[in-house]
Amino acid sequence: MTQPVTQSSNPLLNIGFRIPFDQIRPEHAESAVDELLTAARERVETLARSGERDFEGFMHDLDVLTEQLGTVTTIVHHLNSVVSSDEWKDAVEAIIPKTSQFYTELGLHPGLWRSLKAFAETDAAKALDPVNARLLKLTIDEFRRGGADLPDDKKARLMEVNTELAQTTNQFSKNVLDATAAYELYVPTERLQGVPQRVQDATRQDAESKGKEGHRLTLHAPTLLPILTYADDRELRRELWEAQAMLGQEKGRDNRPLIADILRLRREQAEILGFKNFADYVLESRMAKSGDNALKFERDLEAKTRPAFERENAELESFYRQNAGADAPKLAPWDIAYWAEKQRQEKYDFDEEALRPYFEMESVLAGMFEICRRVFGITVTEAQAPGWHPEVKFYDIRDEEGQHIASFYTDWFPRDTKRGGAWMNAFITGGPKENGVDPHLGLMCGNMTPPVKGGAGGDTPSLLSIREVETVFHEFGHLLHHAMSRVPVKSLSGTNVPWDFVELPSQIMENWVMEREALDLFAKHHQTGEKLPQDLFEKLVKAQNYRAANTAMRQYSFGMTDLTLHVEFDPGSDQNPVTTAREVMARFYPAELPENYAMVASFNHLFSSPVGYGAGYYSYKWAEVLDADAFSRFAKEGIFNRETGRAYVDKILSRGNSDDPAQLYRDFMGRDPDADALLRRSGLL
């Protein structure tokens with residue numbers, strides 16, 4: 001991390017490796033960003049005059065140009081995601097127009113663009129090492145793609161579009177967070193028949209904390225998903241499903257018009273920059289290269305999966321009729337998870353709830369760290385640092401020589417002030433230095449099943465579902481991509497890779513969860529210490545691909561909706577993007593969707609930031625093909641094989657964006673990816 005601009009009473013201007021989260025307040029944000037923007041603009045002007053000083057240090061200065069500003073804005077946005085308040089929302093809204101304008105100006109700066117092109121013609125540029133040469137090439141490409149050669153009137157309009165896009169996407173995200181936090185439903189115990197006791201205990205405790213009787217139900221995943229899966233009360237399932245489906249549609253928090261605005265702005269942005277549509281603009285620099293290629297990828301998967309999808313749904317319909325009767329109502333969206341779980345239990349004599357006692361959060365983390373010690377040669381230990389909430393923990397990572405290479409924070413449980421989902425982020429990018437390394441700093445956040453105090457069976461620790469265990473491993477894969485990077489150029493380090501490659505290191509980690517030898521390192525009963533019984537493991541394996549086609553089609557639906565809106569939908573027409581999205585999703589859903597279905601109105605992946613996963617949701621499946629294929633090398637050579645792990649670190653995990661991702665993959669596997677590896681793993685081929 002570069003030295004702060006000045007020592008200041010503002011903690012955001014004194015950021016070191018131990019971030020002072022216990023001191024940072026919303027009122028610090030705008031003034032810190034203002035000061036850092038001034039300093040960054042001065043550095044831009046110095047770089048733009050580089051020709052006058054013979055370009056000394058040009059590439060290094062270019063690499064770290066916005067480093068401190070980036071760290072501080074990341075911290076501000078992060079705190080609004082995990083301890084949100086009106087004050088933090090205001091702070092974010094205050095800095096968004098300023099940072100958006102700065103980054104747009106940066107990409108359009110005529111002096112910096114001249115210096116870049118001039119430097120590229122020098123002997124020094126021609127003698128650059130391969131990594132810095134790649135940085136120069138990618139930076140020049142990005143300036144061209146970003147409009148550096150545009151006439152002044154188009155530059156001015158692009159500035160307006162980018163700022164409006166940043167503000168509109170932030171409002172979208174704010175509406176989803178506020179709507180999720182605002183929803184609560186209090187119900188008596190009798191309405192929770194069939195729901196696991198741990199969920200009843202947690203929701204009762206939640207109600208008591210609010211001074212209410214009964215059970216407090218929210219739209220947070222650890223409450224919502226068990227209700228939809230296990231509640232015998234069909235009306236309750238309907239009420240919760242519809243409440244979730246209404247997110248982003250309520251008065252005062254209606255995201256539907258914002259979707260039309262975002263799509264219009266993205267299309268205009270792409271057209272100003274000379275692209276046919278937003279997908280072609282963002283994908284040109286990714287592995288897919290174009291929106292049409294990404295659409296073809298998704299459609300090919302859909303065609304191969306649809307026969308199994310239709311077979312699975314016919315089997316569920318038959319099972320439902322046999323058990324509910326010929327006169328039972330038609331299967332509705334809020335029935336699918338409930339009846340699919342009953343079918344799974346009958347077919348495999350297996351209930352995923354039976355696994356939870358063996359997946360205590362601390363044990364899962366300890367086992368995951370041990371797996372990584374064996375495979376990647378790292379040691380993870382808990383350490384101390386100020387956090388943003390009492391539940392936050394902090395860890396150090398050391399390599400085989402005992403060298404401190406990274407640290408990270410964890411924040412695993414839901415709060416009304418925290419956004420949904422799970423994610424990893426980078427605060428500080430380190431890397432190689434003379435006589436050692438500067439450590440990296442990152443975080444992992446989630447909304448996992450929390451511990452319960454004073455339940456029916458006494459205090460219960462956090463007991464995870466198998467899907468939550470996979471999510472923990474997934475996010476740690478992202479974290480390792482950041483933490484184990486050895487790239488000397490910070491802007492090419494770690495997860496700064498094309499988005500259709502970034503999910504490979506995360507998704508490959510999930511494979512260890514289903515390996516018996518790996519499970520034995522963490523799947524232990526939280527009370528007795530007993531390992532996961534073999535019969536339960538065998539049932540888990542047999543049920544692993546239960547309704548795999550439906551799981552796949554759900555992901556395709558998101559990717560196809562995304563690409564349809566960003567490639568084929570015309571934002572200038574009278575078409576309604578919400579209706580278009582519903583029509584696309586309906587093809588992939590096992591039950592008929594209501595006319596007012598608008599999941600897209602709360603689809604943060606697509607619409608909560610100017611780019612995000614917009615035109616890029618296909619990346620999950622793209623990278624799943626890569627991970628299914630790449631893990632086959634571990635499966636063949638040994639899941640704890642240290643040499644295979646070393647090769648993976650050396651060829652992929654430590655390399656960031658220092659070379660073309662397709663080449664990195666070939667370096668590890670010795671060939672291009674096997675496109676059918678994913679479908680084989682899922683039992684769909």
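This passage describes two nonpolar cores, a helix with a buried side and a pair of crossing helices in a predicted model.

The largest nonpolar core holds 167 residues, and the members that touch the most others are Phe359, Phe376, Phe473, Phe476, Trp512 and Phe607. Trp512 gives a good view of this packing. Beyond its neighbours within four places in sequence, Trp512 contacts Phe376 and Phe473, along with Ile371, Val375, Ala518, Phe631, Phe634, Ile639 and Phe640. A second core, separate from this one, has 58 residues, among them Val76, Ile140, Trp388 and Leu441. In soluble globular proteins, nonpolar side chains tend to be buried together.

Helix α26 spans residues 661-669, and its buried residues are Pro661, Leu664, Tyr665, Phe668 and Met669. These residues lie on the same side of α26, because the arc they cover around the axis is only 120 degrees. Such a pattern suits helical geometry: an α-helix has 3.6 residues a turn, so residues three or four places apart point the same way. The cover over the buried residues of α26 includes α7 (130-146), α18 (499-509), α24 (619-637) and α25 (642-653).

Turning to the helix pair, α14 (residues 291-324) and α15 (residues 333-348) have axes that come within 10 Å and cross at roughly 85 degrees. The two helices are therefore roughly perpendicular to each other. On the α14 side, the contact is made by Glu315, Leu316, Phe319, Tyr320, Asn323 and Ala324, which meet Ile336, Trp339, Ala340, Lys342, Gln343, Glu346 and Lys347 of α15. Sorted by class, this contact comprises seven nonpolar, two polar and four charged residues.

Notes
Residues numbered from 1 in each chain as written. Predicted model: local features only at pLDDT ≥ 70, side-chain atom pairs only at ≥ 80, totals over all residues. Heavy atoms only, no water. Axes fitted to C-alpha atoms, helices over the stretch in contact; angles between N-to-C directions. Helix = DSSP H or I, 4+ residues; strand = E, 2+ residues; numbered from the N terminus. Parallel < 35°, antiparallel > 145°, perpendicular 65-115°, else oblique. Contact = heavy atoms within 4.5 Å. Nonpolar A, V, L, I, M, F, W, Y, C, P; charged D, E, K, R; others polar. Core = buried A, V, L, I, M, F, W, Y, C linked by side-chain atoms within 4.5 Å. Buried < 20%, exposed > 50% of the residue type's maximum accessible area, 1.4 Å probe, protein only. Arc of directions from axis to C-beta.
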